[in-house]
Amino acid sequence: MKWNEFAHWGEKIVAWAADYHATLRQRPVRAQSAPGEIRAQLPPLPPEEPESMEAIMADFERVVMPGMTHWQHPRFFAYFPANAAPPSILAEMLVSTMAAQCMLWQTSPAATEMEQAMVEWLRHALGIEAGFTGVIQDSASSATLSAVLTMRERATGFTGNKVGLSGQGKVRIYCSDQVHSSIDRACWIAGIGQDNLVKLPSSGRFHGLDGEALRAAIAADRAAGFLPAGIIGVTGGTSVGASDNLDEIVNIAEEEGLYTHLDAAWAGAAMICPELRVHLWEGVSGFDSIVFNPHKWLGAQFDCSVQFLKDARAQLDTLRIQPAYLTTSHDNITNFSEWTIPLGRRFRALKLWFLLRAYGLEGLRTRLRNHVQWAHELCERIRATPGLQIVTEPVLSLFSFRCDGDDQKQQALVDAINDDGRIYLTQGTWQDSKVIRFQVGQFDSTWEDVMLAHTVIEEIYARLMSAD
Ligand SMILES: *Cc1c(COP(=O)(O)O)cnc(C)c1O
């Protein structure tokens, strides 16, 4: 393809994108293709000769589109949202075009300084105390791994990177049984091991970590000669929105001299609404590290995960490496690749700048508030429906329910709903039983979309019952 054809195809693809969004409701939310169906339509070998863009685009529609699950569909109620608001898509087009590697300040000063400014804007928007700095990572998993490595290095007197972990005391990390699997994997990769990630029971209205159990576990570990290193809290856990008592974790960490990391990957976005912080956010500024994903509920195109740091030095002492080819001659600058695991980095801050300016915080708050309110309203409709029960109450816009019957019945209901295609939702587990999760968070969802979910669930449940 030549550059003089670029504008023509760019226009066509932008028009395709606008049309795609305008007609999303007509498509089944979850792909309806069978395993292997798409692969079978792809030639086994690449073409030797160039092909036309017409042919490539035609095959994109014919081969690829039927195998897509539509995450931007207004009736996507599965997992958590992965929004891509239009201004953030446009910013990503600019970023892809310039394709700069923003690893050092001098490899694109605008990217570094914009990143510092956007972290500061969001710190303020989320009600985190002044003084925190931060960095934009690809995913919460990477931010959590960075924090876990920092816990390990801090606990081993910053010797783990040099001498390795053999011969060191056993590093221990504490969390509730509601944390995301990215915490387990961070402990695997950091050489800490699953057995040294101490998962404690959760309880109460918000399914938070039990403080007494935490104190007892740390004391027992110290007595056994282990090396307590850190505590990982969660606000808005993946299964049912579990949220720890942050103040309590901070107090215990202070008494014990432990490093703290908070996973608010999904729920962090809602903290731009002060009234939604109640019971979820008190004590947040006591944490050393906090991660939240603007690429989920806030509307920024994937990937965009902000990690706030109370004092970046510990993470820098853990991850910074300065080979000769990366040294620069400026003082008092930030080289963000020293804060993270990968060297190469995209200009992720630009889409935040576009997003925050195009909607304003008030525009974003209105969306989030609507989602929370509609989720509560839907929850009441489901509660009032014979044969359906609410299992966990809404935390922000997430709740779970079950229908009468065993776990197989729950899965049958989920599968039948997703085969129908009008809505998409997924299952989870709660206290060893299968539950059906429901969350509202897609940027273009309306009240009608959310209430249609009730119609679909009720109708398909009735059909399953009559088939029995
Ligand atoms: C989505 C999510 C993660 C993982 O986020 P990635 O950015 O995909 O790594 C971790 N924790 C929670 C609570 C999440 O909701």
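## Ring pairs and salt bridges

K199 is partly exposed, with a relative accessible area of 36%; that value falls between the 20% and 50% limits, so neither "buried" nor "exposed" applies. Please keep in mind as you read that this is a predicted model.

**Salt bridges**

The partner of K199 is D184: their side chains meet in a salt bridge, with 2.8 Å from N to O. D184 belongs to helix α7 (residues 181-189) and K199 to strand β3 (residues 197-200), so this contact ties together parts that are 15 residues apart in sequence. What is the burial state of D184? D184 has a relative accessible area of 10%, which is under the 20% limit and therefore makes the residue buried. A buried acid thus meets a partly exposed lysine here.

A second bridge spans a longer stretch of sequence. R369 pairs with E275, and their closest N and O atoms are 2.6 Å apart. Why can this bridge be said to tie together parts that are 94 residues apart in sequence? R369 sits in helix α12, whereas E275 is in the loop between β7 (259-263) and β8 (289-292), so the contact joins a helix to a loop across that separation. R369 is partly exposed, at 28% relative accessibility, and E275 is partly exposed too, at 41%.

Helix α12 also supplies R383, which forms a salt bridge with E393 in strand β10 (residues 388-395); the two residues are ten apart. For this bridge, the closest N and O atoms are 2.8 Å apart. Both ends are partly exposed, with E393 at 31% relative accessibility and R383 at 35%.

Here are the three bridges side by side:

| Salt bridge | Closest N to O |
|---|---|
| D184 and K199 | 2.8 Å |
| R369 and E275 | 2.6 Å |
| E393 and R383 | 2.8 Å |

In total, the model has 27 salt bridges. Some of the charged residues join up further: E92, D303, R346, R348 and K351 are linked in a network of salt bridges.

**Aromatic pairs**

Now to the rings, where the count comes to 16 aromatic pairs. One of them brings together F336 and W339, with ring centres 5.1 Å apart and planes at 65°; this angle is over 60 degrees, so the arrangement is edge-to-face. F336 and W339 are both buried.

How do the rings of Y359 and F443 meet? Their centres lie 5.3 Å apart and their planes stand at 80°, so this pair is edge-to-face. Y359 is in helix α12 (residues 349-383), while F443 is in the loop between β13 (433-439) and α14 (447-467), so the pair ties together parts that are 84 residues apart in sequence. The two partners differ in burial: F443 is buried, with a relative accessible area of 6%, whereas Y359 counts as partly exposed at 21%. With the limit for burial at 20%, Y359 falls on the partly exposed side because its value is 21%.

Ring pairs also build a cluster, made up of W71, F76, Y79 and Y424.

**Charges over rings**

F443 has another neighbour besides Y359. The charged end of R367 is placed over the F443 ring, 4.3 Å from its centre. F443 thus takes part in a ring pair with Y359 and also lies under the charge of R367. Elsewhere, R205 lies over the face of F206, at 4.5 Å from the ring centre.

Technical notes. Residues numbered from 1 in each chain as written. Predicted model: local features only at pLDDT ≥ 70, side-chain atom pairs only at ≥ 80, totals over all residues. Heavy atoms only, no water. Phe/Tyr/Trp six-rings, centres within 6.5 Å; stacked < 30°, edge-to-face > 60°. Buried < 20%, exposed > 50% of the residue type's maximum accessible area, 1.4 Å probe, protein only. Helix = DSSP H or I, 4+ residues; strand = E, 2+ residues; numbered from the N terminus. Lys NZ or Arg CZ within 6 Å of the ring centre and 35° of its normal. Salt bridge = Lys/Arg side-chain N within 4 Å of Asp/Glu carboxyl O.
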